[in-house]
Each structure stands twice: as C-alpha cells, then as structure tokens.
2 protein chains.
Amino acid sequence: MATVELDAPAVVPQQQLKTAQDLFIRRWGEMGQTWGINRTMAEIHAFLYITAQPQCTDDVMERLNISRGNSSMSLRALCDWGIIRRLHKRGERREYFESLSDVWEMFSIIAAERKRREMDPVLETIKQCQRMLEEGTVGKAAAKQEAIQLTRERLAGMEEFMEVTNKIFQQFIGNAKSGLTRVVRVLLKAF
Amino acid sequence: MATVELDAPAVVPQQQLKTAQDLFIRRWGEMGQTWGINRTMAEIHAFLYITAQPQCTDDVMERLNISRGNSSMSLRALCDWGIIRRLHKRGERREYFESLSDVWEMFSIIAAERKRREMDPVLETIKQCQRMLEEGTVGKAAAKQEAIQLTRERLAGMEEFMEVTNKIFQQFIGNAKSGLTRVVRVLLKAF
DNA sequence: CTATGCTTTCAGTAGATTGTGAAACAGGAG
DNA sequence: CTCCTGTTTCACAATCTACTGAAAGCATAG
C-alpha cells in the first residue's frame, strides 16, 4: 500500500492535531462562559486537558495569546478549584501544570464547590423566608391572608426542588462516575 | 385571646411579607448571575414566582427599581424562555405576567434549552475532533504518535461523560409534562 | 552580596454587558 | 380622524469584568 505517510509528512498530522485541539479549546471556552466561568480560564483548562501533557506558563501564553499576568492568575484560580495541579520537573526551575485526567472527578469537584457556594445559600435563604412568614412570627390572622399563603406555597415548592437536587448532587460528590451512572440506571429502569 | 392582631396591625405582616420576598428575590438574582443569567432577569422571575400573583410592567418597575425599557425587554426574554406567561385581564388594557408555578417544569424547560444550546454543540465538536484524528485521516504512522494518542484518549473520556450527562437531561426533559413528579419520586426513593 | 530566571501582583484600561429614557409604535375609544 | 394608555425599540450612558504590562517579589546560583 502506497502509504499515506509518504504523501503526508509528519508536519501535517501535527497541524491536524493542533487544529483539532484548538477547536476543542474554543468550544470549551464558549461553553464555560454561559455557565458562569470566564472564557480564558475555561480555555486554559481545555488546553491542559486536551494535550494531556504538562505545560508551563509560557506554553499557555503562547498557545492562547494571553498575557503573562492573565496566565498566572488564571492558573492559580484553576489550582484553587482543584481541577489542575502544579508540577515541578526535576532540575527545572519553571513550574508546569497539568489537568486532572478523570472528567468524572473534575465534575464532582466542581459540583461540590458550586453546591456549597450557590445552592446552599439559596436553601438557607428560603428557610429564613419561611421562618419570617410562620404563623408564630406573623400572627394567626395574618397567616391566613391570601398573599402570605401563596408566598408560603411557593417557598415550599422551591424548597422541595432544591432539597431533591441537593440529594442528587450529594450522590456523586466523591464518587462521581458510579453516582451518575446510578442515576441513569435508576431513571432508565423507571421509564 | 388578646390577639396578636391588636398589637400588630395588618401593616406589619405586610411589611414582613415584602421583606421576606425581597430577600428571596435578591438571593435568586445573585444565584442567577453565577449561572450565566443576568441579575435583573432572575430578579423579575423571582418576583413573579414568589408573589404568585400576576403583575404588570409598572409593578415590576416599581418593585425592582428598574426602567420601563429594561422591564419590557427582560419580560419578553423570560416569555421567550417560556418560564413566565403573558396574561390579559378582561376589560383591562395593560398586560400582566405570571410565573409558571411548577418548579420542576421550569427546570426542565431551562434544562432542555441549555442542553440544546450548550451541550449538544460541545458533543458535536468532540466528535468532529475525533474524526480529525482518526487513523484514516491522519495516517497510520501518525496515529501512533504519543501526542495524538493522548489527545484521542482525552476526547474519548470527555465524550463518555457528556453522553451520560445528556441521558440524564433527556430523562428530565422527556418527562417534563407527563410525570416529573414521578421522576422525582423515583429518585427520592432510590437515594 | 548580585545576577538570573521565573512568578505574582496590581493600577489602569479596553471591551463587554446591562440599563436608561425618550421617541416611535400600536390599537382601542370617542 | 385624534386622544389616550400602554408597549417596544434603540442610541447612548453607566457599570462591570477581564486583560495587559510593567514593576515588585522570590528563590536559587554564583
């Protein structure tokens, strides 16, 4: 077979690889944005994830065309989230970074953090609101008022929703993969 | 019983109600922001949801201290999402708006839309990247290169994750009308 | 100690997002 | 038709966020 390698020198696959990676990086960045993560951070993460090889600050700067300052700050933030890791190479002065390799683990780290930062406070607020509208607080007659009754119903509806969602989150914090696949299995069996 | 009403005139519970609602509205707005929904839109929605009574544009403007233009645009956007509805009152000229009452239904509407807009394109991109790095495309020898192999593994890991997540979304979305409560019951029992 | 190589910080700014308010529009009543 | 009530649009303004680049910081080597 007149192999493809002859026609396509090693450069071409390299370009192809870079193009594919860039595509992924761009899309990941876009998605990040709409989920409340800034584009650059998402892109850096995508870059580290997709290349699957430790990269240093300059690699990041070059590949994504961003400043040193931005790289540094974003890399630190990603480390704080815990979805990338610092890595010292023996005898090298500069620091390298690598992404966690297990998507499920990354997801569960993110889920845990967002639950803590965003869902928990809302649930707390809902409970606080409910306390403010209890019969004891607001008076027996007042508690019968339609407006108050309606708001209490709505609070209850939202509370139930958040409690269930929380439980589901709980399920795969720590054991993301098995937890999620279990959700799928349960759902698929039931319907 | 020397009722509370005497000590606490009807005004006080009204204030209490408003305070509680405002608290909820504010928190909901904050959460919205971090999930990529603009604060005002989230607040308007929270207002309509929590009062559980139809409100007109002026009510929204007053309660949230925003301009007419902003109210109009945001209300329209919420209608487009399908989580609030326009409502004509007989003999009234002005339009009223009300929130869907079922949190589960709202969630499944939002989930469907976000899946379509954000997850589907990513999955599509992943597949495209994989095609770009197939043996046939890139050449047999090239396909053995470590860098390419690694990237392919990462793509595969991400793909698997997104497929599972998609299935879960699918379940929620598919059962929106018919039996979301059933989905919930099933999940609650299972966990 | 200074020089070197690399990282972090941060004030200032560029760019994006969100909000305003006035003008245009819509349509029913008289 | 005009008047009235209400809605929508949109250029501009205010605000917020992300990014840069230069300076400061830090650790190691010499």
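Q: Two strands pair if DSSP finds at least two bridges between them. With that in hand, in what order do the strands of the open sheet in chain B run?

A: A quick note before we look: this is a predicted model. Now the sheet. The order is E1-E3-E2, so read it with the pairing rule in mind: a strand's place depends on its partners. These 3 strands of chain B form an open sheet, and the pairing is antiparallel.

Q: Which strands are at the edges?

A: Look for strands that pair on one side only. Here those are E1 (55-56) and E2 (84-88) of chain B.

Q: How many bridges join E2(B) and E3(B)?

A: There are 5 bridges between E2(B) and E3(B), which covers residues 95-99, and the two pair in the antiparallel sense. To see one of these partnerships up close, find Arg86(B): its bridge partner in E3(B) is Phe97(B).

Q: Which helix lies across these strands?

A: That's H3(B), which lies across E1, E2 and E3 of chain B. Compare directions and you'll find H3(B) running at about 80° to E3(B).

Q: How do I read two helices that cross? At roughly what angle do H4(B) and H5(B) do so?

A: Look at the distance between the axes, then the angle, then the hand. The axes of H4(B), residues 57-64, and H5(B) come within 9 Å and cross at roughly 115°. The crossing is right-handed.

Q: Which residues of H4(B) and H5(B) meet there?

A: From H4(B) you have Thr57(B), Val60(B) and Met61(B). They meet Arg68(B), Ser71(B), Ser72(B) and Leu75(B) of H5(B). Sorted by class, this contact has 3 nonpolar, 3 polar and 1 charged residues.

Q: Now both chains at once. What rotation superposes chain A on chain B?

A: Here's the general idea: two copies of a chain are related by a rotation about an axis and a shift along it. In this structure, the rotation is 180° and the shift along the axis is 0.0 Å, with an RMSD of 0.8 Å. That is why we can speak of a two-fold axis. The two copies also use the same surface, with 97% of the contact residues of chain A recurring in chain B.

Q: How many residues does the contact take from each chain?

A: Chain A gives 62 residues and chain B gives 62 residues. On chain A, several helices each supply at least two residues, among them H1 (4-7), H2 (11-34), H6 (103-132) and H10 (176-190). The largest share, 13 residues, comes from H9(A). By class, the side of chain A that touches chain B has 39 nonpolar, 16 polar and 7 charged residues.

Q: And the DNA? Which residues are closest to DNA strand C?

A: 18 residues surround strand C, and the closest are Gly69(A), Thr40(B), Ser67(B), Gly69(B) and Asn70(B). H5 of chain A, with H3 and H5 of chain B, each supply at least two residues of this surface. H5(A) has the largest share, 5 residues. The class tally is 3 nonpolar, 8 polar and 7 charged residues.

Q: What about DNA strand D: which residues come nearest?

A: Out of 18 residues around strand D, the nearest are Asn38(A), Ser67(A), Gly69(A), Asn70(A) and Gly69(B). H3 and H5 of chain A, with H5 of chain B, each give at least two residues of that surface. H5(B) gives the most, with 5 residues. By class, there are 3 nonpolar, 8 polar and 7 charged residues near strand D.

How values were computed. Residues numbered from 1 in each chain as written. Chains lettered and ligands numbered in written order. Predicted model: local features only at pLDDT ≥ 70, side-chain atom pairs only at ≥ 80, totals over all residues. Near = placed C-beta within 6 Å. Helix = DSSP H or I, 4+ residues; strand = E, 2+ residues; numbered from the N terminus. Nonpolar A, V, L, I, M, F, W, Y, C, P; charged D, E, K, R; others polar. Least-squares fit on C-alpha atoms with pLDDT ≥ 70 in both. Contact = placed C-beta atoms within 7 Å. Axes fitted to C-alpha atoms, helices over the stretch in contact; angles between N-to-C directions. Left-handed = near helix turned anticlockwise from the far one by under 90°.
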